[in-house]
Number of protein chains: 2
Amino acid sequence: MPSIQEEIKQSRPFRTRSQEAAVALMRTADMVRRAVSAIVEPHDITPQQYNVLRILRGAGDKGLPTLEIAERMIEQTPGITRLIDRLEAKDLVSRQRCETDRRQVFCTITREGLALLRKLDGPIRDADDWALAELSTRELTSLVTLLDKARTGLSAAVTQRRSKNQINSTRRIG
Amino acid sequence: MPSIQEEIKQSRPFRTRSQEAAVALMRTADMVRRAVSAIVEPHDITPQQYNVLRILRGAGDKGLPTLEIAERMIEQTPGITRLIDRLEAKDLVSRQRCETDRRQVFCTITREGLALLRKLDGPIRDADDWALAELSTRELTSLVTLLDKARTGLSAAVTQRRSKNQINSTRRIG
DNA sequence: GGCGATTAGTTGACTAATCAACTATTGAGC
DNA sequence: GCTCAATAGTTGATTAGTCAACTAATCGCC
């Protein structure tokens with residue numbers, strides 16, 4: 001098994017365990033991201049676009065307003081408009097302005113979008129299962145619990161930089 | 001504590017625990033990435049550029065060849081050349097062609113680069129510690145162990161798409 | 001020592017992400 | 001019902017990431 005120190009060939013060991021944990025977390029997540037990428041890219045969508053389609057399938061027929069989708073994404077992005085532009089261009093998503101509140105635009109997954117997801121469901125589930133096959137059910141539960149706990153602390157740290165819309169650019173004065 | 005189901009407001013629960021774990025992993029990693037980003041961006045470097053500087057500091061005076069850096073990065077990227085171009089433009093890194101093997105280019109961190117890292121060391125360590133403060137030392141150890149184990153399975157799944165150089169583009173025929 | 005294969009890295013063309021600034025619509029208070 | 005603030009989303013300009021194709025240097029080996 002690849003200890004982190006070995007894997008990144010860092011000469012000195014980690015100063016703190018939390019630093020080691022943070023690096024392990026990021027490296028593992030990157031591998032998962034690339035595994036997902038390898039599955040969805042042959043169908044000409046990115047992992048983020050896949051994420052949007054999954055969210056919209058979960059949302060059902062009435063769809064969701066654009067920024068609501070952005071909030072639910074696994075990786076937050078300010079580029080939600082153009083992300084959905086690209087999905088709309090491929091006819092995987094359709095948009096319609098809300099009549100009761102004309103500021104909002106509801107996005108819905110199309111038949112084509114649903115068909116694409118159905119093709120990907122099996123491979124993605126298999127990949128997740130196989131990728132994490134090293135871990136027992138108990139270990140998976142434990143991992144999820146630890147990650148949930150970590151996010152509790154992190155949500156304080158990140159102080160929810162994007163309230164709803166774009167990042168609120170807390171940059172230095174200079 | 002925010003259960004994942006709640007957090008992403010997914011109507012139906014996860015089909016498998018490994019899927020839930022994969023999502024928890026990615027969401028947590030994204031939060032860590034943004035926390036790091038919030039610290040390093042005011043100094044006009046990206047988290048990836050920060051990662052390169054850290055690697056080069058670890059490598060010492062003799063530096064490292066370009067692609068060796070790419071291999072050690074937390075998030076793999078094929079754009080290593082231009083990433084280092086940007087660091088060189090800011091005088092944080094210097095490059096020098098290797099005399100014994102003129103194909104290689106050794107990259108070294110500059111005095112300015114080291115000075116920048118010194119400014120960031122404290123805040124980054126504090127952020128890691130504080131962010132993961134919800135977890136006890138035992139829990140952190142457990143988390144690292146579980147993540148290491150997960151990567152063992154994943155490295156088989158991802159089948160090391162980039163051997164050394166760029167991604168070897170195993171794309172569909174059509 | 002010459003020739004094909006391999007390795008190291010760069011470049012060009014294209015796509016995607018980012019942030020600020022903008023329009024359109026709604027809500028709140030008077 | 002008018003004005004000011006807030007919300008929802010888009011657009012423009014710039015920067016960064018991606019992949020294929022390329023150059024240059026070295027290696028294997030006959």
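**Group meeting: sheets, helices and core of a two-chain model**

In chain A, three strands make up an open sheet whose order is E1-E3-E2, and their pairing is antiparallel. Its edge strands are E1 and E2 of chain A, each of which pairs on one side only. Helix H3(A) packs on this sheet and touches E1, E2 and E3 of chain A, with a direction that makes about 95° with that of E3(A). I should say at the outset that this is a predicted model.

Let me stay with chain A and go through the pairing in detail. Strand E1, residues 64-65, and strand E3, residues 105-109, pair in the antiparallel sense over two bridges. Within that pairing, A:Pro65 stands opposite A:Phe106 in E3(A). On the other pairing, strand E2, residues 93-97, joins E3(A) over five bridges, again in the antiparallel sense. Two residues of chain A may serve as markers here: A:Arg97 stands opposite A:Val105 in E3(A), and A:Val93 has A:Ile109 as its bridge partner in E3(A). As a general reminder, strands of a sheet pair through backbone hydrogen bonds, either parallel or antiparallel.

A second helix also meets the sheet. H5(A) lies across E2 and E3 of chain A and runs at about 115° to E2(A).

How do the axes of H3 and H5 of chain A cross? The axes of helix H3, residues 47-59, and helix H5, residues 80-89, of chain A come within 10 Å and cross at roughly 80°. Since angles from 65 to 115 degrees count as roughly perpendicular, H3(A) is roughly perpendicular to H5(A). On the side of H3(A), the contact is made by A:Gln48, A:Gln49 and A:Val52; on the side of H5(A), by A:Leu83, A:Ile84, A:Arg86 and A:Leu87.

To place these elements in the chain as a whole: chain A has seven helices and three strands. Along the sequence, the pattern of chain A reads α-α-α-β-α-α-β-β-α-α. Chain A has 174 residues, of which 36% count as buried. If one takes the contacts in chain A between residues at least 6 apart in sequence, 49% of them join residues at least 24 apart.

One helix of chain A deserves separate mention. H2(A), residues 17-40, comprises 24 residues and reaches 34 Å from its first C-alpha to its last, close to the 34 Å expected at 1.5 Å a residue. Is H2(A) largely enclosed or largely open? Of its 24 residues, 19 are buried, so H2(A) is largely enclosed by the rest of the structure.

That leads to the nonpolar core. The largest such core has 88 residues, and those with the most contacts inside it are A:Leu25, A:Val32, A:Leu56, B:Leu25, B:Val32 and B:Leu56. As for contacts of B:Leu25, leaving aside residues up to four places away in sequence, this residue touches A:Thr28, A:Ala29, A:Val32 and A:Leu147.

I turn now to chain B. Its three strands form an open sheet in the order E1-E3-E2, with antiparallel pairing. Strand E1 (64-65) and strand E2 (93-97) of chain B stand at the edges with a single partner strand each, so one side of each is left without a neighbour in the sheet. Helix H3(B), residues 47-59, packs on the sheet and touches E1, E2 and E3 of chain B, its direction making about 95° with that of E3(B). Two bridges join E1(B) to E3(B), residues 105-109, and these strands run antiparallel. B:Pro65 has B:Phe106 as its bridge partner in E3(B).

Helix H5(B), residues 80-89, lies across E2 and E3 of chain B, running at about 115° to E2(B). H3(B) and H5(B) pack at an angle of about 80°, and their axes are 10 Å apart. That makes H3(B) roughly perpendicular to H5(B). Here B:Gln48, B:Gln49 and B:Val52 in H3(B) meet B:Leu83, B:Ile84, B:Arg86 and B:Leu87 in H5(B).

I close with one residue, B:Leu92, which is found in the loop between H5 and E2 of chain B. Is B:Leu92 buried or exposed? B:Leu92 is buried, with 26 other C-beta atoms within 10 Å, where 20 or more suffice for that label. Not counting residues up to four places away in sequence, B:Leu92 touches B:Leu53, B:Leu87, B:Ile109, B:Thr110, B:Glu112, B:Gly113 and B:Leu116. From B:Thr66, B:Leu92 is 26 residues apart in sequence and 15 Å apart in space, C-alpha to C-alpha.

Note on methods:
Residues numbered from 1 in each chain as written. Chains lettered and ligands numbered in written order. Predicted model: local features only at pLDDT ≥ 70, side-chain atom pairs only at ≥ 80, totals over all residues. Pairing = 2+ DSSP bridges. Helix = DSSP H or I, 4+ residues; strand = E, 2+ residues; numbered from the N terminus. Contact = placed C-beta atoms within 7 Å. Axes fitted to C-alpha atoms, helices over the stretch in contact; angles between N-to-C directions. Buried ≥ 20, exposed ≤ 12 C-beta atoms within 10 Å, placed from the backbone. Core = buried A, V, L, I, M, F, W, Y, C linked by C-beta atoms within 7 Å. Expected span 1.5 Å × (residues − 1). Parallel < 35°, antiparallel > 145°, perpendicular 65-115°, else oblique.
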